[in-house]
Amino acid sequence: MTGPAASPSPRAAILRRSVCTRLLAIDVLTPRGGYVARSTGAALLALGVAFGLHLETPYSAASTVLLVANANQGAVLAKGGWRLVGTVIGGVAALALMGLFIQTPILFILGFALWLGLCTAGATLLRHFRASGAAVAGYTIGLATYGALEAPERELDAVLGRTATVAVGVVCLGVVAALFSRRATRTALDTALIGQFGTVAGLALERLRSEEPGHGLPTAAQIAGLFAIDDLLELSRAESPDLAGREGAVRATMAALFGALLGASDLCAVDPQAPRDCVAAHRDVVAELPRILALIEARRFADALDRITGLRGALQAYAHRAEAAETGTAASLIALDRLVAFVADYESALSGMARLHGSRPMPARAFRFHRDWRAATENGLRAALAILLAGAFGIATGWNDWSLLLLILAPYSVLLAMTGNPAAGAVAFIHGTIVAVPAAFVCAFGLMPGVQGFPLLIAVIAPFWMAGLYATTVPRRAPAGLAYLVAFNTLVGATNPMVFSVPAFLNQAFGWVAAVFVTLLVFRLLLPHDPRRQARRIQAALRRDALARLHSDPPEPRHVWEHLQHHRLARIALSLRVDPAAAAAMTADGIAAVQVGRAAIRARAAAWHATAPALLRTITLQALADAARSPRQARDILAAAAAEIAARSIEDPRAWPAAHRVATCLTDMAMRLEAHPDWSVGRHPSAPC
C-alpha cells in the first residue's frame, strides 16, 4: 500500500524513537541496574522463603526488603539490623498493650499514641540508623496488631508473624548484599576526607592572595559538605569493624578540618609594609601548603604531618619574635595569630588522618551532637495526636476496617517527621500511592489469576517491583517510589492461597488513599513544621554557647566543642536548603558566634601562660566575664581591656610576650563583635545539646 496514509505520523515516529532510546539506555551492569537487580532478587528470595515457612503474610518479608534496600552495603546492614531491633521492641510493646487493653479500644489507642509519640521524639533526637530503629519500634504496634483488634485470640500469632517476616526479609537482603555488592564506602570516605583537605587548603591560599579581608566566609554548602562525611563514616562503620574502632580518628579529623575551614576564612594577603616576620610567615605558608597538599593526595600522611609540624614551629617562632618586638602592630599580630591557629588546626586534622591509617586504632574521644528537644517534643505530640484523632474517628464512625488508618498513619507520621519537609514528603507519598492502586489492581486481577506456581508469580510481580526500585534511585522520585512499593505490595497481598475479592481490594485501596491524604492534613494542621523557626532555634543555641565561652572554657577539648557547633551550622544549612539567602545569613551569623568563642578560648589560654603575671590573668578573666554579663557593651569592654593590657605591658617587658598575645585575642574578639553587632544582643542560658 502506498500513499500518505501508509506512512506513520511524525508524532508516532518521534514517540517510537524516544521509547527505543530509553530502552537502549537501560544497562543492568550500571550501579543503578545492579542495585535494582540485587534488591529485586532479595525480595523474591524473601517471598519464597516466607512461602516455604508458611508465614501468614509472606509479602511482608518482601516489603521489608524493599524498604531496607540500598545501593550501599553498609546501609543495608545497618538499616536491617536496627529495623529488626525496632521490630522486636515494638512487638513486646504491642503484646503488653494488647494484653492490658484489648477489651477497651479507647485505652489501647491512648497507649498506642503515647508509645508512638515517645518513639517519634526518640527518632528525632537519635541519629542515622538508630533513629530508624526508634521509628520502627513506634509504628510496629500498628503493623503487629492489624487484624488482631477484631480477633484478640490472634494477638500472639500476629506479633510473632510480623517479627518473623521482618527477620526473613532482613536476612535475605543481607545475604544478597554480602554476596553481590562491594564494600566501597571506606574508599569513598578516604576520598571525601582528602577532598576536604584540598578544599580547605584552596580556600586558605585564595585568602592569602586576597587583599580584601572578610569576603571568604565558608558557605552553607561547604559546611554541610564537610559534615556529610559523618554519613559516610556511619556507613563505613557498618561495613568494617576495623573502621568502627577508628571512628574517633575520623571525627577528630572532621572537627580539626572545620576549625581550619573557619581559620582559612580569616586569612588575607600580607601588606608589603608589614613587619618582616609577618611577611615571612605568609610567604612560608603560601609556599609549603601546596607541597603538603600534594603529599596528602598521594596518601603520604606521615610525610605531610612532618612537614606541617615543621611549618607550625617556624610560624610560632615568627610570632614569638613579633610579640617581643615593640614594633609589632595589632593588625600584624592578629594576622600572625590567625595564621598559626589555621596551621595548627590543619596539623591536627592531618594527625587524625595519620591515626586513621595507622597500624592500631586509638582511643575514641566522645563527640557531642546537637539535640533539638523542641522539635522532638513537637514531632512526638503530632504523632500522638494523629493516632488519637484517627482512632477516635474509626470508633465513632464504626468503620469495619478502621485499624487500617492506624496501620498507615503511624509509620508515615514518624518517617516524614524525620525529613526536612514533611508536607512535601506527604504529597510525594500521595502520588506514589495513587500510582500503586491501579498497578496493584492490574497485577492482582488481570495477571495473577492465571498464575500457577512460584516461577510464574515471580515473572508477574517482579517488573512492578523493579519499576518502584528504579524510582527510588532518582532523588526527586524516591519518596513517591517508596510509597508506591509499600502500597503496591500490601494491596496485592501475595499469599498462599490467593484471595481475589474486588470489593475487599477497593475497600482497602480507599482506606490507603484516604490515609495518605490524612497524613498530609496532619503535617499541615497539627504543629506544622517550620524550617525557619527550627534554624532560628539552632542559631540561638550557637549564640548561647559562644557567650558561655566568655564565662569559661568548654568542659571538653576545643575541637569537641567546635564539632558540636559544626553540627549546628550543618543543621541550619540543611533546614534552609530551599532558602539559600536565609541559609547564608544565618550561617554567617553562626560562624561569627563560633569565631568569638574560639578567640575567647585562645585568650584564656594565653592568660594562663606560665610567663603571664597574675594581674594580666585577673584583667583578662574580668573582661571576659563583664563582656558575657553585658553583651551589648561587650565590644567596648574587650577593646578597653586590650588597651589596658597593652599599656601595662610596657611597664614590665618580661611579661610582654604573653600580654601581647592576650591583647591580640581580645582585640580580635572586639573586631568580630563590631562586624556582627547584633548576634550578642540577648543573654540566654546555656544551650541544650
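**Entry 1: Leu527 and the nonpolar patch**

I looked up Leu527 first and found it partly exposed at 33% relative accessibility. The class follows the usual cut-offs: buried is under 20% relative accessible area, exposed is over 50%, and partly exposed lies in between, with a 1.4 Å probe and protein chains only. Leu527 sits in the loop between α21 (502-525) and α22 (531-551). I took helices as DSSP runs of H or I with at least four residues and strands as runs of E with at least two, numbered from the N terminus.

I then listed the surface patch that Leu527 belongs to: Leu107, Leu110, Leu114, Leu381, Leu385, Leu388, Leu389 and Leu527, with about 670 Å² of accessible area together. Two elements, α5 (105-125) and α16 (373-397), give two or more residues to the nonpolar patch. The most comes from α16, with four residues. Patches are made of residues with over 30% relative accessible area and no salt bridge; like charges are joined within 9 Å, and nonpolar side chains (Val, Leu, Ile, Met, Phe, Trp, Tyr) within 5 Å. Accessible areas come from the Shrake-Rupley method with a 1.4 Å probe, and for residues only the protein chains shown count as cover.

**Entry 2: Model and confidence**

I noted that this is a predicted model, in which local features need pLDDT of at least 70 and side-chain atom pairs count only at pLDDT 80 or more, while totals for chains, interfaces and linings use all residues. Residues are numbered from 1 along each chain as its sequence is written, and side-chain values use heavy atoms, with hydrogens and water left out.

I looked up pLDDT, the predictor's confidence in each residue from 0 to 100. The protein averages 86, and 89% of the residues score at least 70. Among the elements, helix α1 (residues 10-25) has the lowest mean pLDDT, 63, and helix α18 (residues 422-447) has the highest, 95. Over residues 1-7 pLDDT stays under 50, and the model has one contact beyond four places in sequence for them. Residues 681-689 also stay under 50, but have 25 contacts beyond four places in sequence. A contact means heavy atoms within 4.5 Å. Where pLDDT is low, the predicted coordinates should not be read in detail.

**Entry 3: Nonpolar cores**

I searched for nonpolar cores, that is, sets of buried Ala, Val, Leu, Ile, Met, Phe, Trp, Tyr and Cys residues joined through side-chain atoms within 4.5 Å. The largest has 95 residues, of which Leu116, Ile387, Tyr412, Cys443, Trp465, Phe488 and Trp512 touch the most other members. Helix α17 (residues 403-417) gives the most to this core, 11 residues. A second, separate core of 75 residues includes Ile194, Ala319, Val340 and Ile591.

I also took the neighbours of Trp465, not counting residues up to four places away in sequence: Ala43, Leu44, Leu47, Ala62, Leu66, Leu485, Phe488 and Asn489.

**Entry 4: Salt bridges**

I searched the whole structure and found 32 salt bridges, each a side-chain nitrogen of Lys or Arg within 4 Å of a carboxyl oxygen of Asp or Glu.

I checked Asp668 and Arg338, whose side chains meet at 2.5 Å, N to O. Asp668 lies in helix α27 (residues 656-675) and Arg338 in helix α15 (residues 330-356), so the pair links distant parts of the chain, 330 residues apart. Both Asp668 and Arg338 are buried.

I checked Asp345 and Arg558 next; their closest N and O atoms are 2.8 Å apart. Asp345 is in helix α15 and Arg558 in helix α23 (residues 558-575), 213 residues apart. Asp345 counts as buried because its relative accessible area is 0%, whereas Arg558, at 28%, is partly exposed.

I compared these with a pair inside one helix. Arg549 and Asp545 form a salt bridge at 3.7 Å, N to O, and both lie in helix α22, four residues apart, about one turn of the helix. Arg549 is buried at 7% relative accessible area, and Asp545 is buried at 7%. Elsewhere, salt bridges that share partners join Arg127, Arg130, Asp230, Glu234, Arg237, Glu247 and Arg251 into one network.

**Entry 5: Positive phi**

I looked for residues other than glycine with positive phi. His54 has phi near 60°; His54 is in the loop between α2 (31-52) and α3 (58-68) and is exposed, at 69% relative accessible area. His128 has a phi of about 55°; His128 is in helix α6 (residues 128-145) and is partly exposed, at 22%.
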